[in-house]
Amino acid sequence: MSAIPRGRTRSAGLVGAMCALVVTGTGLTGCSSDPDEGTNGVGKLPADTIQTKTRTAAESADTVRLSGTVVTNGTTYTLDMRLKDDGGTGSVTSKGSTFRLLRVGEHLFLKADAAFWSHEDGGKGEDSESDAAAAEKLGGLFVKVPTGDPSYKKFSGFTDKNVLLDGLLTLHGSLATDGHHKQSGIRTIRITGDEGSGGTLDVSLEGSPYPLRLVRAGGAGTLLLSDWGKDFALEEPKKDETVDYGQQLPSS
């Protein structure tokens, strides 16, 4: 067998080193290899087909964790919610106030400090004193939200897996793919609406094609979706941790 010329050996070594550098620096596949090799295959599909598949995967999953920001009607909400088909639990922050939501079936509970329940109109008198007393009573406890109270519809949506996903997993405009990426160490394919102005969605290329990261159109927030299919306990709070305020909550 003839010896390999030294120059060719050095060239091959240089190419190998460059490929290793690409893999180490980006986490993607090596030189001239298929970026979809070993994946679930959705990266090779048209963008509209990927969107259909990721919606199907999301709807079929029993649970999901959703965290990030949502901007609606000019108000920014920071969410960290764990959701399943029959309810959800987690925290919501808005306008400097953080509260916890817990829904089991149709029963919705809200837990916040006294400041959340207090009127901030600077008023005085009996009504103000009554409001302060109510706020102290409700602060730090789970308050059962009556189904007829306006807050029920507003807050229960944050605990409804199907409602949230239906409303959020929508890209606007013409769909296209925008290359391979990584999210929390998982390889993804990104799809966009109107070249990104209509939102972007990173879809897992490993296992089921779950949506992992959503950037909403018009600067309406960025959300991470994780823990797909990971179960968690969902129970109503104990009676000594709960206040049933009646048919309507006080204004806050």
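## Close-up views of a predicted model

**View 1. A salt bridge between two strands.** Asp80 and Arg65 form a salt bridge, and their closest N and O atoms sit 2.9 Å apart. Asp80 belongs to strand β2 and Arg65 to strand β1, so this pair ties together parts that are 15 residues apart in sequence. How buried or exposed are the two partners? Asp80 has 27% relative accessibility, so it counts as partly exposed. Arg65 is partly exposed too, with a relative accessible area of 31%. Keep in mind that this is a predicted model, here and in every view below.

**View 2. A salt bridge from a loop to a helix.** Here Asp85 forms a salt bridge with Lys161, with 3.8 Å between the closest N and O atoms. Asp85 lies in the loop between β2 and β3, while Lys161 is in helix α6, so the pair ties together parts that are 76 residues apart in sequence. Asp85, at 48% relative accessibility, counts as partly exposed. Lys161, on the other hand, is buried, with a relative accessible area of 1%.

**View 3. A buried salt bridge.** The side chains of Asp202 and Arg190 meet at 2.7 Å, N to O, in a salt bridge. Asp202 sits in strand β9 and Arg190 in strand β8, so parts 12 residues apart in sequence are tied together by this pair. Both residues are buried. How many salt bridges does the count come to? It comes to seven, and the pairs in these three views are among them.

**View 4. The sheet.** Stepping back a little, the protein has six helices and 12 strands. The 12 strands form an open sheet with mixed pairing, in the order β7-β8-β9-β10-β11-β1-β2-β3-β4-β5-β6-β12. Which strands are at the edges? They are β7 (175-183) and β12 (242-244), and each of them pairs on one side only. On average, neighbouring strands of this sheet are turned by 20° against each other, direction ignored.

**View 5. Strands β3 to β6, one after another.** Strands pair through backbone hydrogen bonds, either parallel or antiparallel. Strand β3 (residues 87-94) runs antiparallel to strand β4 (residues 97-104), and eight bridges join the two. Gly87 has Val104 in β4 as its bridge partner. Moving along, β4 is joined to strand β5 (residues 107-111) by five bridges, and this pair also runs antiparallel. Leu102 stands opposite Phe109 of β5. The hairpin of β4 and β5 has two residues between the strands, and in it Gly105 takes a positive phi near 65°. Next, β5 pairs with strand β6 (residues 142-145) in the antiparallel sense, over four bridges. Leu110 stands opposite Val143 in β6.

**View 6. Two helices on the sheet.** Helix α2 packs on the sheet, where it touches β7, β8 (186-193), β9 (200-204) and β10 (211-215). The direction of α2 makes about 55° with that of β7. Helix α6 (residues 161-168) packs on the sheet as well, touching β1 (63-72), β2 (75-84), β10 and β11 (222-226). For α6, the angle with the direction of β1 is about 55°.

**View 7. Thr54 up close.** Thr54 is found in helix α2, which spans residues 47-60. Is this residue buried or exposed? Thr54 is buried, with a relative accessible area of 1%. What does Thr54 contact, leaving aside its neighbours within four places in sequence? The answer is Leu201, Val203, Pro209, Tyr210 and Pro211.

**View 8. The nonpolar core around Leu110.** In soluble globular proteins, nonpolar side chains tend to be buried together. The largest nonpolar core here has 46 residues, and Leu79, Val92, Phe99, Leu101, Leu110, Trp117 and Trp228 touch the most other members. Not counting residues up to four places away in sequence, Leu110 touches Phe99, Arg100, Leu101, Phe116, Trp117, Leu141, Phe142, Val143, Val145 and Phe155. Apart from the largest core lies another one, of six residues, including Leu102, Val104, Phe142 and Leu234.

**View 9. The whole protein.** Of the 252 residues in the protein, 36% are buried. Among contacts between residues at least 6 apart in sequence, 54% join residues at least 24 apart. The protein exposes about 14000 Å², and carbon and sulfur atoms supply 49% of that.

Terms used. Residues numbered from 1 in each chain as written. Predicted model: local features only at pLDDT ≥ 70, side-chain atom pairs only at ≥ 80, totals over all residues. Heavy atoms only, no water. Core = buried A, V, L, I, M, F, W, Y, C linked by side-chain atoms within 4.5 Å. Buried < 20%, exposed > 50% of the residue type's maximum accessible area, 1.4 Å probe, protein only. Contact = heavy atoms within 4.5 Å. Pairing = 2+ DSSP bridges. Axes fitted to C-alpha atoms, helices over the stretch in contact; angles between N-to-C directions. Salt bridge = Lys/Arg side-chain N within 4 Å of Asp/Glu carboxyl O. Areas by Shrake-Rupley, 256 points an atom, 1.4 Å probe, with all protein chains shown as cover.
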